[in-house]
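Biologist: I am new to this structure, and I would like to learn how to read a pocket. Could you take me through one, step by step?

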Amino acid sequence: MKMFGVKRMIDDRVKNVKKMVNDMVTDAVDRAYKGGLFSMIIITIVWVSIFLYIAFYYAYMPSLVLSRPIHMQFKSCYSSKGLCDYPSAHIKLSKNQQMLMIGQKYKMIVHIELPESPVNEEIGMFMVCIRLSDKYSYLVSSSCRSSRLKYKSNLYRIIHTLFMAPFYLIGLSGENQVIQLEMYSDFEEDQLHPITDIYLEILDHDIQIYSSKINIIANLKGLRYLMFHWPILSAFLGIGSNLLFVFFVFSMSWSHIYGSEVYRNESNGIFSRNIFKSDYEQLVELDSEDESEESDEICKKGVLSYSYLDSDLMTPEQ
């Protein structure tokens, strides 16, 4: 009876040990899998944060400078030399898509290169006007500015020509002036009528022009100014903010998915400890019962006049 009980307890202990080892191996594999998965998710979160910042940068930041050449057109007079109408040009910004960002203010600057010819000197003041329209030819805005060549005295011309003569001869410089006209200082796009066409006109028949162009420059303020002039600092702040947000969402999802499993593993661990504890108590009880049986047999044979009780104290038999 004793050997059978001990063997049974040993078998139970071996089974429990095997189960514990299998649980430990399974837990180690599961932890390695979760660790690899966690590392991959962290790398993905970092790249997602970078991608979100880049997408936000290109969606939020406008084009700093939009430049278009101006090709003047006019009609010549048959009866006399000169122009029969004002030099004008049509600048096509886009066909249908919106080029300027809503809510962003822009500067519009017209650059006109004029020769320092006697004709332009005699003209003096002249007017430059532009009209902005949408794709349906709706007039959104118009503006006019006046200008003229910078005045130069005869003495200044002689000294300047003598000093710049080598550069004139090799073609590095010329007798011309570039006039900049700021047509708009704070132009803001109309969401209902985005501009697609610009019409420019110089209100003088005799003016002589080398070339011209128009620059549309964004007036950056606030966050856009910070993102353009301090790109590294703004990138760190933007990516860090995205990391905090994405990692918060990921941690909430992780706890929702694996939180119950962690609680289950802890409960299984407590249950396993309780099993070992109960097995140990059973083994102690079985050993005490076997000792009591041995003491009773010895007393029956008359070897001892005392018997062992469960409290391990010897009391004389009555």
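Modeller: What follows is a short walk through one pocket and one of the residues beside it. Please keep in mind throughout that this is a predicted model.

Biologist: How is empty space found, and how much space lies in the second largest pocket?

Modeller: Rolling a probe the size of a water molecule over the atoms shows where empty space is left. In this model, the second largest pocket holds about 180 Å³ of space.

Biologist: Which elements give two or more residues to the lining of that pocket, and which gives the most?

Modeller: Two or more lining residues come from each of α1 (2–60), α4 (223–229) and α5 (231–300), and α5 gives the most, with five residues. Among the lining residues are Leu52, Tyr53, Leu223, Ser241 and Asn242. By class, the lining has seven nonpolar and four polar residues, and no charged ones.

Biologist: Is Asn242 buried or exposed, and what is it in contact with beyond its neighbours in sequence?

Modeller: Asn242, which sits in helix α5, counts as buried because its relative accessibility is 19%, and the cut-off for buried is under 20%. Leaving aside neighbours within four places in sequence, Asn242 is in contact with Ser49, Leu52 and Tyr53.

Biologist: Where does UniProt place the feature "transmembrane region"?

Modeller: The unreviewed UniProt entry places that feature at residues 37–60 and 228–250. In the model, residues 37–60 are 100% helix, with end C-alpha atoms 34 Å apart, while residues 228–250 are 96% helix, with end C-alpha atoms 31 Å apart.

Conventions. Residues are numbered from 1 along each chain as its sequence is written. This is a predicted model: local features need pLDDT of at least 70, side-chain atom pairs count only at pLDDT 80 or more; totals for chains, interfaces and linings use all residues. Side-chain values use heavy atoms; hydrogens and water are left out. On a 1 Å grid over the protein atoms alone, a cavity is a set of points where a 1.4 Å probe fits but cannot get out, and a pocket is an open set with protein on both sides within 12 Å along at least five of seven lines; lining residues have an atom within 4 Å of a point. Grid points are joined across faces, edges and corners, and a volume is the space filled by probe spheres set on the points. Helices (H or I, at least four residues) and strands (E, at least two) are DSSP runs, numbered from the N terminus. Ala, Val, Leu, Ile, Met, Phe, Trp, Tyr, Cys and Pro count as nonpolar, Asp, Glu, Lys and Arg as charged, and the others, Gly among them, as polar. UniProt positions are given in the numbering used here, feature names are shortened, and annotations may be inferred rather than shown by experiment. Buried means under 20% relative accessible area, exposed over 50%, partly exposed in between (1.4 Å probe, protein chains only). Contact means heavy atoms within 4.5 Å.
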